[in-house]
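Visitor: I'd like a close look at one part of this model, the sheet, before anything else. Take me through how the strands pair, then fit that part into the rest of the protein.

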Amino acid sequence: MNEFAHCPTEGAIGLLALLITSGRLAEARLDDALSDAHLTFVKWRALDTLMKAGAPVPLKQLPAELHCVKSNVTQLIDSLEAERIVRRMPDPEDRRSVLVTLTVSGGRAHRAGREALESATQSLFSKFTEKDREALRKLLNTL
């Protein structure tokens with residue numbers, strides 16, 4: 001079945017529907033690719049944020065970084081902490097704040113996820129020329 005069959009096709013609404021549907025389908029493919037690493041794309045993005053920070057990150061900063069509401073980030077970090085991929089710790093400079101950091105297992109999970117994502121994204125964009133990719137990047141950045 002064509003996943004786009006139920007999208008409106010006219011005008012700006014049609015473009016937006018195609019964009020949203022494409023994003024959801026791409027995320028589902030990435031989730032599938034990450035399943036062997038026991039991650040989802042959302043979990044991997046959290047790990048990537050922590051890895052790029054290079055230091056513990058205040059929990060209150062993560063909703064803006066991950067473009068999620070606070071309650072979703074709290075549940076996400078709860079899940080990652082239960083899996084021993086991240087660890088919460090008190091902020092020594094602000095006793096009201098909590099920091100989140102990757103564990104050694106979290107670093108390994110991030111690397112495994114990165115490898116899976118590189119393979120999946122190459123497959124996802126294999127039909128695009130470099131010129132097509134650059135045009136798509138430019139259009140999406142314009143939004």
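Guide: One term first: two strands pair if DSSP finds at least two bridges between them. Keep in mind, too, that this is a predicted model.

With that in hand, let's start at the turn. A hairpin takes you from β2 to β3 through two residues. The two strands it joins, β2 and β3, run antiparallel and share six bridges. For a landmark on that side, take R88, whose bridge partner in β3 is V100.

Now cross to the other face of the pairing. β3 also pairs with β1, again in the antiparallel sense, this time over two bridges. V100 turns up here as well, as the β3 bridge partner of V57. Put those pairings together and you get an open sheet of three strands in the order β1-β3-β2, with antiparallel pairing. β1 (57-58) and β2 (86-91) are the edge strands; each has a single partner strand, so one side of each has no neighbour in the sheet.

Let's zoom in on β3, which covers residues 94-102 and includes S97. Is S97 buried or exposed? S97 has a relative accessible area of 7%, and because the cut-off for buried is under 20%, S97 counts as buried. Which residues does S97 touch, if you skip those within four places in sequence? S97 is in contact with P58, K60, P90 and D91. Two of those names tie back to the sheet by their numbers: P58 falls within β1 (57-58), and P90 within β2 (86-91).

For a contrast, step back to the loop between α2 and β1, where G54 sits. G54 has a relative accessible area of 69%, so it goes down as exposed, the cut-off there being over 50%. Look across from G54 to L102: the two are 48 residues apart in sequence, but their C-alpha atoms are 9.3 Å apart in space.

So where does the sheet belong in the whole chain? Reading from the N terminus, the elements go α-α-β-α-α-β-β-α-α, which is six helices and three strands. Of the contacts between residues at least 6 apart in sequence, 45% join residues at least 24 apart. The C-alpha atoms fill a box of roughly 55 × 30 × 30 Å along the principal axes. Of the 143 residues, 29% count as buried. The exposed surface comes to about 10,000 Å², with 56% of it supplied by carbon and sulfur atoms.

One last stop, over among the helices: the largest pocket. It holds about 1,100 Å³ of space. Its lining runs to 30 residues, and A26, L124, F125, L136 and L140 lie nearest its centre. The helices α1 (11-34), α2 (41-53), α5 (104-124) and α6 (130-142) each put at least two residues into that lining. The largest share is from α1, with 12 residues. By class, the pocket lining splits into 18 nonpolar, four polar and eight charged residues.

Definitions and conventions:
Residues are numbered from 1 along each chain as its sequence is written. This is a predicted model: local features need pLDDT of at least 70, side-chain atom pairs count only at pLDDT 80 or more; totals for chains, interfaces and linings use all residues. Side-chain values use heavy atoms; hydrogens and water are left out. On a 1 Å grid over the protein atoms alone, a cavity is a set of points where a 1.4 Å probe fits but cannot get out, and a pocket is an open set with protein on both sides within 12 Å along at least five of seven lines; lining residues have an atom within 4 Å of a point. Grid points are joined across faces, edges and corners, and a volume is the space filled by probe spheres set on the points. Helices (H or I, at least four residues) and strands (E, at least two) are DSSP runs, numbered from the N terminus. Ala, Val, Leu, Ile, Met, Phe, Trp, Tyr, Cys and Pro count as nonpolar, Asp, Glu, Lys and Arg as charged, and the others, Gly among them, as polar. Buried means under 20% relative accessible area, exposed over 50%, partly exposed in between (1.4 Å probe, protein chains only). Contact means heavy atoms within 4.5 Å. Accessible areas come from the Shrake-Rupley method with a 1.4 Å probe; for residues, only the protein chains shown count as cover.
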